[in-house]
Amino acid sequence: MPGPVVGGVSPKPSASHLWHDIYPYVFATNRSAQLADSHTLLCMAPTQREPKVVVLGGGSWGTTVASICARRGPTLQWVRSEETANDINEKHRNSKYLGNEVELALTLQATTDFSEAAECADVIVMGVPSHGFRAVLTELAKELRPWVPVVSLVKGLEQGTNYRMSQVVAEVLPGHPAGILAGPNIAREVAEGYAAAAVLAMPDQQLAANLGNLFRTRRFRTYTTDDVVGVEMAGALKNVYAIAVGMGYSLGIGENTRAMVIARALREMSKLGEAMGGHRDTFAGLAGMGDLIVTCTSQRSRNRHVGEQLGSGKTIEEIISSMNQVAEGVKAASVIMEFAEKYGISMPIAREVDAVVNHGSTVEQAYRGLAAEKPGHEVHGAGF
């Protein structure tokens, strides 16, 4: 019996319209480079072919997005494992990360040949974790054509530099438009065909609108924005707060307490995000409140799982070693506190998570620390 179909079914967009809309804008940003690159000129003709999406990474969300894109046009997924590549190509499954029940788009192709993927890309989708993001981009820089847009799926920050992923792209691949696709997207649910939505943030709204067509199906709604900073920070921050809520689950907190923590978490997210240049409305949208809710409450949430396991007495090392995917909130906690100090913002919930994850505090101490905070003005107050 065939399994659920990733992303639902929807009509394919006009190949010529997608190609014409995306690339005249992208390549017009540097006319001299355009004229110097004969390969680029060949690839610009709208009647030649549809833009090819290349997804780098073989995890659950990267595979789900790759399958969505494959229903819209030609898509190639690069994975490290030959076994995973064969699973996708021959069985239309990614059994390791999505199980045996989810059927991927029949047109999705996978490869382990990085050069093959890089050389044919018209749009790059980065599905690798934050700690491997720069290394993959560095390899990509050797073979990628100029001006190809890079869309990150990563909801995390680079340790050491504290960079958002678009900043890493700007440093390693200067001249390539960089953004992020984010929202309340538990991969397995989207893969099983449940309706969901995300927001695609790119530095130019016209580019975002045109690229957005590549990520839309009847059951997966893709909105657009030019607030790259806000969406990236919302994606990184919500993971830290999901750990906090997960710790609360382990303590048996009530529904009211959980709602209080989530609401105050959203306020902390908004304050830091705005200080860094994000838009307040972004944090009330899909990448902010939407993703925060699902990451804090879903039993499939990796970051909530980390919080629950911390509450059961396990060390962070034990928890991470038992997981086959990355929980970005673990790495982001210390970075967030560096930002809080830099911008002079009080972030009590993030502070307590960082204390548990990185400084030996206990879950009980974390919630006692929050309870000791004196409530003040709901919007302008500095405490919890």
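In the predicted model, Val-54 has Leu-76 as its bridge partner in strand S2, and this pair belongs to a parallel arrangement of S1 with S2 (residues 75-78) that extends over four bridges. The connection between these two strands involves helix H4 (residues 60-70), and S1, H4 and S2 together form a β-α-β unit that is right-handed. Strand S1 itself spans residues 53-56, with Val-53 and Val-55 directed one way and Val-54 and Leu-56 directed the other way, and every one of these four side chains belongs to a buried residue. Such a pattern follows a general rule, in that side chains of a regular strand alternate between the two faces of the sheet.

Strand S1 also pairs with strand S4 (residues 123-126), again in the parallel sense and over four bridges. Within this pairing, Val-53 stands opposite Val-123, while Val-55 has Val-125 as its bridge partner. Strand S4 is covered on both faces, since Val-123 and Val-125 on one side are buried, as are Ile-124 and Met-126 on the other. A further parallel pairing, over three bridges, joins S4 to strand S5 (residues 150-152), and in it the bridge partner of Met-126 is Ser-152 in S5. The path from S4 to S5 passes through helix H8 (residues 130-141), and this β-α-β crossover is likewise described as right-handed.

Turning to nonpolar packing, the largest core comprises 57 residues, among which Met-233, Met-247, Leu-310 and Ile-336 have the most contacts inside it. The greatest contribution to this core comes from helix H12 (residues 228-251), which supplies 14 residues. For Ile-336, when neighbours within four places in sequence are set aside, the contacts are with Leu-157, Met-233, Leu-237, Val-240, Leu-272, Met-347 and Ala-350. A second core, separate from the one just described, has 35 residues and includes Ala-85, Val-125, Ala-187 and Ala-208; Val-125 is thus both a member of this second core and the residue of S4 that is bridged to Val-55.

A charged residue was examined in the same way. Arg-258 lies in helix H13 (residues 255-275), and because its relative accessibility is 9%, below the 20% cut-off, Arg-258 counts as buried. The side chain of Arg-258 reaches the backbone oxygen of Ile-253 at 3.3 Å. Once neighbours within four places in sequence are left aside, Arg-258 is in contact with Val-245, Tyr-249 and Ile-253, so that Ile-253 appears both in this contact list and as the provider of the backbone oxygen that the arginine side chain reaches.

At the level of the whole chain, the predicted model contains 20 helices and eight strands. Of its 384 residues, 57% count as buried, and the chain exposes about 15700 Å², of which 51% is supplied by carbon and sulfur atoms. Among contacts with a separation of 6 or more, 73% are accounted for by residues 24 or more positions apart.

Methods
Residues numbered from 1 in each chain as written. Predicted model: local features only at pLDDT ≥ 70, side-chain atom pairs only at ≥ 80, totals over all residues. Heavy atoms only, no water. Buried < 20%, exposed > 50% of the residue type's maximum accessible area, 1.4 Å probe, protein only. Pairing = 2+ DSSP bridges. Right-handed = clockwise from strand over helix to strand, strands pointing away. Core = buried A, V, L, I, M, F, W, Y, C linked by side-chain atoms within 4.5 Å. Contact = heavy atoms within 4.5 Å. Polar contact = N/O pair within 3.5 Å; in protein donor to acceptor, adjacent residues only side chain to side chain. Areas by Shrake-Rupley, 256 points an atom, 1.4 Å probe, with all protein chains shown as cover.
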